[in-house]
Amino acid sequence: MIPSTVPRPPAHVRRTQLFVGALAVAAVVLFVLALLTINWPTWARVQSGLTRNVAPLLNGLVRPDLKTFPLAWRSMWETFHMAVLGTLLGAVLAFPLSFLAAGNLLGGRPFAMPGKALLVGVRTFPEILLAIIFVAAAGPGPTAGIMAMGLHSIGFLGKIFSDVIEGIDAGPTEAIRAAGGGPIQVFLYAVVPQVLPEFASNVLYRFEINLRAAAVLGLVGAGGIGLPLLQRLQFRRWDEVSMLLLVIIAFVVTVDLISSRIRRRLV
Amino acid sequence: MSHIAFQDVEVTYPGGLKALKGVTLEIPRGQFVVIVGLSGAGKSTLIRTVNSLVVPSKGDVAIDGASVTTARGAALRRMRSDIGMIFQTFNLVKRSSVLRNVLAGRLGDVPAWRGVLGTFPAADLAFAHECLARVGIPEKAFVRADALSGGQQQRVGIARALAQKPSVMLADEPVASLDPPTSHAVMSDLKRIAREDGITTIVNLHFIDMAREYADRIVGMRDGLVVFDGTPAEATDRAFEDIYGRPIDEDEDLRGA
């Protein structure tokens with residue numbers, strides 16, 4: 001027998017539908033508001049900008065200034081070492097923290113809360129903000145950049161490390177405990193062998209990110225290739241900017257290729 | 001005196017589930033005991049009270065008269081190092097070499113700093129190799145554990161337990177993840193080694209015919225209680241029907257291959 005009325009969806013389904021509908025309306029309202037708020041440039045301004053600035057820019061970019069190469073190489077080399085030290089600093093400090101923040105080792109989630117909160121707190125600060133603070137504190141130069149990258153990497157790596165730890169197979173830990181192993185032996189023989197390859201892989205990944213970040217940190221005076229780049233951008237020396245950019249791109253691409261190849265073999 | 005003594009053991013898990021409702025058993029030294037029963041009957045819980053991976057909420061488990069249940073810290077770890085355990089899912093560190101997995105069995109007996117540095121005394125290394133030879137895979141020492149077949153991985157599990165030089169061996173469904181011929185091979189290895197070394201062994205098993213073939217004594221469990229305790233000869237089909245709480249057909253798959 002066919003029911004006389006189509007059954008209405010249950011209450012929780014209707015609530016969900018209502019919620020999704022409200023979200024869609026809110027998104028449209030936000031979009032319209034954003035369009036109204038922005039100061040759109042006049043067409044004349046765009047035209048003059050294109051002829052006065054963009055044309056010489058493109059002209060310079062396709063003619064990299066070879067005399068700038070030694071400076072570009074030296075700065076990029078410094079940037080590379082900043083990234084190495086920043087990543088190392090972050091990894092070394094993230095290692096112990098991640099175990100404190102993992103909910104499956106220290107006797108339950110509540111014990112991991114302080115560690116997790118600390119890591120979230122560290123991650124909240126954008127790198128560039130940290131760099132500005134460290135430049136103010138320690139003066140301009142690579143040290144500020146390294147500290148900023150290191151601190152930010154702690155938050156990033158600590159979070160990923162503790163996720164990896166929470167994902168391990170609990171079987172081996174039980175086996176070591178059953179064999180009479182204490183906490184340190186469980187850690188060394190059941191936990192570390194399971195997490196180490198993924199730790200290493202993520203440290204390399206963070207290094208790739210840090211190398212790109214280090215190229216920008218110089219903009220706030222935290223060392224590396226960012227400062228010479230900023231100066232030449234301000235003086236509109238597009239040919240020299242071009243050289244610097246080429247070196248950055250070549251370096252970053254090469255490092256990414258090598259690093260991702262190593263990572264594939266690790267995991 | 002009995003080697004392992006369960007005295008009125010009860011286990012209530014957080015959440016209220018009563019897994020054991022008062023189990024009393026005496027197991028003499030060197031006996032090969034097979035525990036049978038449906039999933040959820042309390043077999044795994046019972047076996048884990050012997051090394052205190054599960055702590056009884058009432059009652060006591062003692063080995064050679066010394067209570068495991070009340071032992072804590074270093075004393076408990078010392079008792080555990082005398083109890084080998086093998087698991088249904090093997091519980092090997094899959095990325096580590098077979099030898100390193102076996103050496104984990106020596107951890108209870110070497111100084112802590114040796115375990116930290118991973119420098120085991122030559123005698124322990126030799127013994128680990130010997131344990132692998134006893135389970136028939138001496139050539140696999142330097143292979144990664146996850147490169148082995150299931151049967152071979154369980155042999156590594158047995159070798160790791162043997163490396164403890166245990167007087168008690170616990171086996172929680174050791175062959176449930178293996179095919180029938182491999183199961184028989186692993187069970188006969190286990191039985192042979194237990195005989196040779198006089199190790200008191202408790203094994204949880206699903207298969208009736210395997211229980212009859214390998215056990216000195218069969219203990220049947222249902223719903224957290226011991227409902228059968230006797231020799232394989234006494235464990236008739238009628239007795240098993242009682243343990244499983246339903247009739248067993250001649251061609252039913254409860255029998256292994």
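Visitor: What is the average pLDDT of chain A, and how many of the residues score at least 70?
Guide: Chain A averages a pLDDT (the predictor's confidence in each residue, from 0 to 100) of 88, and 96% of the residues score at least 70. This is a predicted model, in which local features need pLDDT of at least 70 and side-chain atom pairs count only at pLDDT 80 or more, while totals for chains, interfaces and linings use all residues. Residues are numbered from 1 along each chain as its sequence is written, and chains are lettered from A in the order in which they are written.

Visitor: Which elements of chain A have the lowest and the highest mean pLDDT?
Guide: Helix 2 (residues 43-61) of chain A has the lowest, 83, and helix 3 (residues 69-101) of chain A the highest, 93; helices (H or I, at least four residues) and strands (E, at least two) are DSSP runs, numbered from the N terminus.

Visitor: What makes strand 6 and strand 10 of chain B edge strands?
Guide: Two strands pair if DSSP finds at least two bridges between them, and in the open sheet of six strands with the order 6-7-8-3-9-10 (chain B), where the pairing is mixed, strand 6 (83-86) and strand 10 (225-230) of chain B each pair on one side only.

Visitor: How do you know that strand 8 of chain B pairs with strand 7 and with strand 3 of chain B?
Guide: Against the requirement of at least two bridges, strand 7 (residues 168-171) of chain B is joined to strand 8 (residues 200-205) of chain B by four, in parallel, and strand 3 (residues 32-36) of chain B pairs with strand 8 of chain B over five bridges, also in the parallel sense. B:Thr201 in strand 8 of chain B has B:Met169 opposite and also B:Phe32 opposite.

Visitor: Why is strand 8 of chain B called largely enclosed?
Guide: A residue is buried if 20 or more other C-beta atoms, placed from the backbone, lie within 10 Å of its own (exposed if 12 or fewer, partly exposed in between); six of the six residues of strand 8 of chain B are buried, so the strand is largely enclosed by the rest of the structure. B:Thr200, B:Ile202 and B:Asn204 point one way and B:Thr201, B:Val203 and B:Leu205 the other way.

Visitor: What makes the unit of strand 7, helix 7 and strand 8 of chain B right-handed?
Guide: A crossover is right-handed if, with the strands pointing away from the viewer, the path from the first strand over the helix to the second runs clockwise, and strand 7, helix 7 (residues 180-197) and strand 8 of chain B make such a right-handed β-α-β unit.
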